[in-house]
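This briefing introduces one structure to a reader who has not seen it before. It starts with a single residue and then moves on to the helices and loops.

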Amino acid sequence: MKNIKNWLNKKGYEFKVDNYNMNGDIKQCIMVDNNYSGLYPTQEAMNNLNTIRAYISKHQKNFKVESRGNCTGILISPR
């Protein structure tokens, strides 16, 4: 989790760490802010999601990435 937070800080993403109820278990997760204007996600919002997803899948195998709220948020949680 510390490596992910350091990487997000280095890349300039805004995020918060919070506890979420994941199927009955309380787990510490990271919610990355990925706001955009307009009805649909912009190319930049989709690129942010894909960049984070690629980093997590390559370097942090025990975490998963989910988009939330039509890509306005990106949840990084333990598997």
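Leaving aside residues up to four places away in sequence, Val65 touches Leu49, Ile52, Arg53, Ile56, Ile74, Leu75 and Ile76. The model is predicted. Val65 belongs to strand β3, and several of the elements described below pack together with that strand, including α2 and α1.

**Val65 in strand β3**

- Val65 has a relative accessibility of 15%, and because buried means under 20%, Val65 counts as buried.
- Ile26 is 39 residues from Val65 along the chain, and the C-alpha atoms of these two residues are separated by 17 Å.

**Helix α2**

- Helix α2 covers residues 43-59.
- The 17 residues of α2 should span 24 Å at 1.5 Å a residue, and the C-alpha atoms at its ends are 24 Å apart, so the two values agree.
- The buried residues of α2 are Ala45, Asn48, Leu49, Ile52, Tyr55 and Ile56.
- Seen down the axis of α2, these buried residues fall within an arc of 135 degrees, so they line one face of the helix.
- On the other side of α2, the residues Gln43 and Lys58 are exposed.
- The partners that the buried residues of α2 pack against are α1, β2 (25-33), β3 (63-68) and β4 (73-78).

**Helix α1**

- Helix α1 covers residues 2-11, and within it Ile4, Trp7 and Leu8 are buried.
- Those buried residues fall within an arc of 100 degrees when seen down the axis of α1, so they line one face of this helix.
- Lys2, Asn9 and Lys10 are exposed, and they sit on the face of α1 turned away from its buried side.
- The buried residues of α1 pack against β1 (15-22), β2, α2, β3 and β4.
- Gly12 comes just after α1 and takes a positive phi of about 85 degrees.

**How the two helices meet**

- Two packed helices are described by the angle between their axes and the distance between the axes.
- The axes of α1 and α2 come within 12 Å and cross at roughly 145 degrees.
- The crossing in which α1 passes α2 is right-handed.
- On the α1 side, the contact is made by Asn3, Ile4, Trp7 and Leu8.
- On the α2 side, Thr51, Ile52, Tyr55 and Ile56 make the contact.
- By class, this contact of α1 with α2 has 6 nonpolar residues, 2 polar residues and no charged residues.

**Gln60, in the loop after α2**

- Gln60 lies in the loop between α2 and β3.
- The relative accessibility of Gln60 is 11%, which means that this residue counts as buried.
- Not counting residues up to four places away in sequence, Gln60 touches Asn3, Ile4 and Tyr55. These three residues are also among those that form the contact between α1 and α2.

**Thr42, in the loop before α2**

- Thr42 is found in the loop between β2 and α2.
- Thr42 counts as partly exposed because its relative accessibility is 30%, and partly exposed covers the range between under 20% and over 50%.
- With residues up to four places away in sequence left out, Thr42 touches Tyr36 and Ser37.
- Thr42 and Ala54 are 12 residues apart in sequence, and their C-alpha atoms are 18 Å apart in space.

Key. Residues numbered from 1 in each chain as written. Predicted model: local features only at pLDDT ≥ 70, side-chain atom pairs only at ≥ 80, totals over all residues. Heavy atoms only, no water. Axes fitted to C-alpha atoms, helices over the stretch in contact; angles between N-to-C directions. Helix = DSSP H or I, 4+ residues; strand = E, 2+ residues; numbered from the N terminus. Left-handed = near helix turned anticlockwise from the far one by under 90°. Contact = heavy atoms within 4.5 Å. Nonpolar A, V, L, I, M, F, W, Y, C, P; charged D, E, K, R; others polar. Expected span 1.5 Å × (residues − 1). Buried < 20%, exposed > 50% of the residue type's maximum accessible area, 1.4 Å probe, protein only. Arc of directions from axis to C-beta.
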